[in-house]
Amino acid sequence: MAGLPKERPGQLDSPVVQKLMKLGSRLNTGIYRASGGRIGSTWRVGSASHKPTPVCLLTTIGRKSGEPRTAPLLYLRRGDDFIVVASQGGLPHNPAWYLNLQATPEVVIEVGRERHELLARTADDAERAELWPKLVEMYADFENYDSWTDRTIPVVICSPR
């Protein structure tokens with residue numbers, strides 16, 4: 001039936017798929033930076049194939065390594081805030097970047113050649129309830145990802161420091 005979330009793909013849990021996701025993220029980050037965001041700044045896969053979705057680069061500090069770690073993420077702007085989603089395609093665990101910002105909430109978001117020094121925090125229940133429909137409107141696959149996992153997918157608000 002139209003509008004219902006699709007069944008969770010079995011291959012999502014494959015180590016190969018997870019490695020491909022990681023490789024794709026690294027490639028996107030390199031191309032994004034090299035082109036100043038001219039390439040890699042929109043996501044055109046899944047529900048975004050007809051409605052491209054903006055991509056930013058989020059840099060956190062690795063909670064174990066202490067080294068900068070960058071992930072390309074879909075984002076929504078709300079005033080000076082950037083809203084990102086720790087969906088990881090509906091996998092059962094939170095992405096590493098989310099664990100990193102929980103340990104060190106100071107982050108940098110790049111949009112094109114602009115750099116924004118921000119403080120990240122997880123949206124509370126009321127904020128998430130307000131933001132989630134806007135995020136699903138922006139990228140409908142978030143609704144599928146949410147149905148594929150038992151965890152509550154964190155919504156992260158990054159605000160100017």
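Six bridges join strand E6 to strand E7 (residues 114–122), and the two strands run antiparallel. Helices (H or I, at least four residues) and strands (E, at least two) are DSSP runs, numbered from the N terminus, and two strands pair if DSSP finds at least two bridges between them. The model is predicted: local features need pLDDT of at least 70, side-chain atom pairs count only at pLDDT 80 or more, and totals for chains, interfaces and linings use all residues. Residues are numbered from 1 along each chain as its sequence is written, and side-chain values use heavy atoms, with hydrogens and water left out.

Within the E6–E7 pair, Val-108 stands opposite Glu-117 in E7. The two strands form a hairpin with two residues between them. Gly-112, in the turn, has a positive phi of about 60 degrees. E6 also pairs with E2, and the table sets out both pairings.

| Strands | Bridges | Direction | Opposite residues |
|---|---|---|---|
| E6 and E7 (residues 114–122) | six bridges | antiparallel | Val-108 and Glu-117 |
| E2 (residues 53–61) and E6 (residues 106–111) | three bridges | antiparallel | Leu-58 and Ile-109 |

Helix H2 has four buried residues (under 20% relative accessible area, 1.4 Å probe, protein chains only). These are Trp-97, Tyr-98, Asn-100 and Leu-101. They lie on the same side of H2, because they cover an arc of only 160 degrees around the axis, the arc being that of the directions from the helix axis to the C-beta atoms. The buried residues of H2 pack against E2, E3, E5, E6, E7 and strand E8 (155–160), where contact means heavy atoms within 4.5 Å.

Gln-88 sits in the loop between strand E5 (81–85) and H2. Its phi is near 45 degrees, a positive value in a residue other than glycine. Most residues other than glycine have a negative phi. Gln-88 is partly exposed (from 20% to 50% relative accessible area), with a value of 21%.

Gln-88 is also among the residues nearest the centre of the largest pocket, together with Met-21, Lys-22, Ser-25 and Pro-72. A pocket is an open set of points on a 1 Å grid over the protein atoms alone, where a 1.4 Å probe fits, with protein on both sides within 12 Å along at least five of seven lines; lining residues have an atom within 4 Å of a point. The largest pocket holds about 1,500 Å³ of space, a volume being the space filled by probe spheres set on the points. Its lining has 46 residues, and H1 gives the largest share, 11 residues.
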